[in-house]
Amino acid sequence: MKKSGYKPYLIAVLLLISSGLLSGCLFEGEQTLEKMDPPEETAVTEPEMDSEAASPEGETKEEGETTEEESASGTVERELYLLDASGMVVPQTLELPASEEAATQVLEYLVKDGPVTNLLPNGFQAVLPAGTEILGLNPEADGTMVVDVSTEFKNYEEKDEQKILQAMTYTLTQFDNVKRIKLWINGHEQDVMPVGGTPITDGVSRSDGINVHVGDQTDVVDSEAVTVYFPTQNGDQVYQVPVTTRVKKNDDSYSSVVQALLNGPELGTSLLHPFNEGAQVTGTDLKNGVLKLSFNEAILSGEEQKSLSDEALASLVMSLTDLQEVESVEVQVEGTEQVMKESGDPLVEPVSRTDINKSKE
């Protein structure tokens, strides 16, 4: 029987095709974020992350996931860092449309004249220059989020450079898997900010601070940076403003934070001092996420009935629950069997950040 010549020919063709496909896959797989030429339209890659801010009970959930309540309303609460009337960077919790691209969405809501316009609280404004587009987000394994923005981002005044960095950083790091941000403009990595030249090669994180005040501790070696919250008022609205300052190093980091609060805000600002002169923290104890604070009686205000003011309580809770290990705060006062709130109700249970936010509603 005569052998067919087709079989070897087909095998050769198949080998050539397979070789070409394999070569193409290998070359394609060698591209990296840094070496890859930016496409005409940069694809947005949303990270898989948890967002405590998105959970009304303070529980973590995957980014883009919504609760039954959110699904019914079609909205989700997000924390946006905006500029108040005094030019300070302040967190405001706003209800945004539920989105599977939450990280991109929160940045878009930081753009002036953008979708946040009709949601802005009285006296607040967005921080990113008008027309700025979010071209892409690329999460890295170490917690860095690479943010690629359009060239309109460069249209800001130098005095706003730190505020822009802080607002972007704090807004994105509300998501648990984001630890720092790096900036690209139109597909090009930035080593410095485009207007004032602030170095950003290593990225920017919350450790760089927000609304930074020097304070009276100029010795960097013997002091440490802490972020605390002070109240301020705009019309009838009272809200808390985060401030990073330096305090003398202390073996008890919780006492350091409280002491920064008791020292009060920097003079010449719009911030209010919510604590009485002579107030002292006498002890701290953390157990199962609950931080127990003990004070002398000077922490209490009022003549007929001594109580802990709402502003003082909010400052303590907001400042200390910023620390990862602290979930809630319990206040005790030496010589007082039951601490009373300003409303006249007893302060029975530890207070969480969620409790403070609910009290504003």
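Which residues does His-273 touch, not counting residues up to four places away in sequence? I will begin with that histidine and then move outward to the helices, the core and a few loop positions.

First, a word on what we are looking at. This is a predicted model, in which local features need pLDDT of at least 70 and side-chain atom pairs count only at pLDDT 80 or more, while totals for chains, interfaces and linings use all residues. Residues are numbered from 1 along each chain as its sequence is written, and side-chain values use heavy atoms, with hydrogens and water left out.

Now to the opening question. Leaving out residues up to four places away in sequence, His-273 touches Leu-261, Leu-262, Asn-263, Gly-264 and Pro-265, where contact means heavy atoms within 4.5 Å. His-273 is found in the loop between α5 and β10; helices here are DSSP runs of H or I with at least four residues, strands are runs of E with at least two, and both are numbered from the N terminus. With a relative accessible area of 39%, His-273 is partly exposed, a term that covers the range between buried, under 20% relative accessible area, and exposed, over 50%, using a 1.4 Å probe and protein chains only. His-273 and Ser-315 are 42 residues apart along the chain, and their C-alpha atoms are separated by 9.8 Å.

Let me step back to the whole chain for a moment. The chain has 7 helices and 13 strands, and buried residues make up 43% of its 361 residues. If we take the contacts with a separation of 6 or more, 61% of them are accounted for by residues 24 or more positions apart.

Next, the pair of helices α5 and α6. Helix α5 covers residues 253-263, and 8 of its 11 residues are buried, so α5 is largely enclosed by the rest of the structure. Among those buried residues are Tyr-254, Val-257, Val-258 and Leu-261, and the buried residues of α5 pack against β8, β9, β10, β11 and α6. Helix α6, residues 310-320, is mostly covered as well, with 9 of its 11 residues buried, including Ser-315, Leu-316, Ser-319 and Leu-320.

How do these two helices meet? Two packed helices are described by the angle between their axes and the distance between the axes. In this model the axes of α5 and α6 come within 10 Å and cross at roughly 140°, where axes are lines fitted to C-alpha atoms, for helices over the stretch in contact, and angles run from 0 to 180 degrees between N-to-C directions. The two helices are therefore oblique to each other, since angles under 35 degrees count as roughly parallel, over 145 as roughly antiparallel, 65 to 115 as roughly perpendicular and the rest as oblique. Where the helices meet, Tyr-254, Val-257, Val-258 and Leu-261 in α5 face Ser-315, Leu-316, Ser-319 and Leu-320 in α6 as contact partners.

That brings us to the core. The largest nonpolar core has 82 residues, and those with the most contacts inside it are Leu-80, Phe-153, Met-168, Leu-172, Ile-299, Leu-308 and Leu-320; such a core is a set of buried Ala, Val, Leu, Ile, Met, Phe, Trp, Tyr and Cys residues joined through side-chain atoms within 4.5 Å. The largest share of this core, 7 residues, comes from helix α6. The core draws at least three residues from each of domain 1 (75-208) and domain 2 (223-359), with bounds that come from an automatic or database domain assignment. Leu-172, taken as one example, touches Ala-103, Val-106, Leu-107, Met-145, Val-147, Val-178 and Ile-181, not counting residues up to four places away in sequence.

Helix α3 and the loop after it give us some contrasts. Gln-105 lies in α3 and is buried, with a relative accessible area of 7%. Leu-120, in the loop between α3 and β3, counts as partly exposed at 26% relative accessibility. Asp-113 also has its place in the loop between α3 and β3, and is exposed, with a relative accessible area of 70%.

Asp-113 brings up one last point, about backbone angles. Most residues other than glycine have a negative phi. Asp-113, however, has a positive phi of about 65° although it is not a glycine, and Asn-186, in the loop between β5 and β6, has a positive phi near 50°.
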